[in-house]
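Colleague: Please take a close look at one part of this model. Which residues line the second largest pocket?

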Amino acid sequence: MARVAVLVAAAVLAFLAATEVAAKKWTVGDNKFWNPNINYTIWAQDKHFYLDDWLYFVYERNQYNVIEVNETNYISCNPNNPIANWSRGAGRDLVHLNVTRHYYLISGNGGGCYGGMKLAVLVEKPPPPPAAAPIKNSATRTFTPSGFAYQFVIPVAVFAAVGIMWDAVLRLW
């Protein structure tokens with residue numbers, strides 16, 4: 001009985017977790033990758049970068065790199081005193097956008113930044129999940145099993161799952 005309860009609780013929690021927004025991996029420059037003579041401001045302008053997304057840089061490893069700088073050094077293409085060096089040597093680098101803030105990324109090698117290899121992104125919190133459709137308020141509402149499930153069974157199942165998990169924690173303690 002306890003195993004079944006734990007499985008039900010796990011299934012309910014998995015269902016609830018599945019409603020969150022998944023992180024996205026953005027290939028910088030799409031099929032043009034991280035190369036000079038590409039306007040990355042235009043590439044990024046219609047995109048929303050959310051917390052826990054990833055930027056994937058593909059470039060010629062012997063010519064370019066990916067470093068993070070402050071806004072002033074981004075504007076002037078100054079690679080000195082970088083905040084982070086995201087280059088790992090293979091020309092295939094990932095930048096984890098794990099803080100909601102501005103990221104200023106440039107290529108500090110081979111004059112890449114002066115050739116347009118610079119990208120500024122603002123990382124935002126993910127949008128909230130879509131709201132449920134409003135329930136019509138009428139005195140002649142009829143009983144429907146699906147409405148009943150969403151209004152009563154799921155909240156009770158969540159409450160029961162939390163209670164069962166709490167009970168299991170207390171028993172193990």
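Modeller: The pocket comes first, then one lining residue, then the salt bridges, the disulfide and the backbone.

The model is predicted: local features need pLDDT of at least 70, side-chain atom pairs count only at pLDDT 80 or more, and totals for chains, interfaces and linings use all residues. Residues are numbered from 1 along each chain as its sequence is written, and side-chain values use heavy atoms, with hydrogens and water left out.

The second largest pocket holds about 150 Å³ of space. A pocket here is an open set of points on a 1 Å grid over the protein atoms alone, where a 1.4 Å probe fits, with protein on both sides within 12 Å along at least five of seven lines. Its volume is the space filled by probe spheres set on the points, which are joined across faces, edges and corners. Lining residues have an atom within 4 Å of a point. They are Thr 41, Ala 44, Gln 45, Lys 47, His 48, Phe 49, Tyr 74, Ala 120, Val 121, Leu 122 and Glu 124. Helix 2 (40-44) and strand 8 (118-124) are the elements that each give two or more residues to this lining. Strand 8 gives the most, with 4 residues. Helices (H or I, at least four residues) and strands (E, at least two) are DSSP runs, numbered from the N terminus. By character, the lining has 6 nonpolar, 3 polar and 2 charged residues. Ala, Val, Leu, Ile, Met, Phe, Trp, Tyr, Cys and Pro count as nonpolar; Asp, Glu, Lys and Arg count as charged; the others, Gly among them, count as polar.

Take Leu 122. It sits in strand 8. At 41% relative accessibility, Leu 122 is partly exposed; buried means under 20% relative accessible area, exposed over 50%, partly exposed in between (1.4 Å probe, protein chains only). Beyond its neighbours within four places in sequence, Leu 122 is in contact (heavy atoms within 4.5 Å) with Phe 49, Arg 101 and His 102. Phe 49 is 73 residues away along the chain, yet the two C-alpha atoms are separated by 6.6 Å.

Now Lys 47, another lining residue. Its side chain meets that of Asp 46 in a salt bridge (3.4 Å, N to O). The rule asks for a side-chain nitrogen of Lys or Arg within 4 Å of a carboxyl oxygen of Asp or Glu. Lys 47 is buried, at 18% relative accessible area. Asp 46 is exposed, at 60%. The count comes to 2 salt bridges.

The other involves Arg 101, the contact of Leu 122. Arg 101 pairs with Glu 68, closest N and O atoms 2.8 Å apart. Glu 68 lies in strand 4 (residues 67-69) and Arg 101 in the loop between strand 6 (92-97) and strand 7, 33 residues apart. Glu 68 is buried at 1%, whereas Arg 101 is partly exposed at 31%.

The structure has 1 disulfide (cysteine sulfur atoms within 2.5 Å). Cys 77 and Cys 113 form it, sulfurs 2.1 Å apart. Cys 77 is in the loop between helix 3 (71-76) and strand 5 (84-85), and Cys 113 in the loop between strand 7 (102-106) and strand 8, so the pair ties together parts 36 residues apart in sequence. Both cysteines are buried.

Last, the backbone. Most residues other than glycine have a negative phi. Asp 30 has phi near 55°. Phe 33 has phi near 60°.
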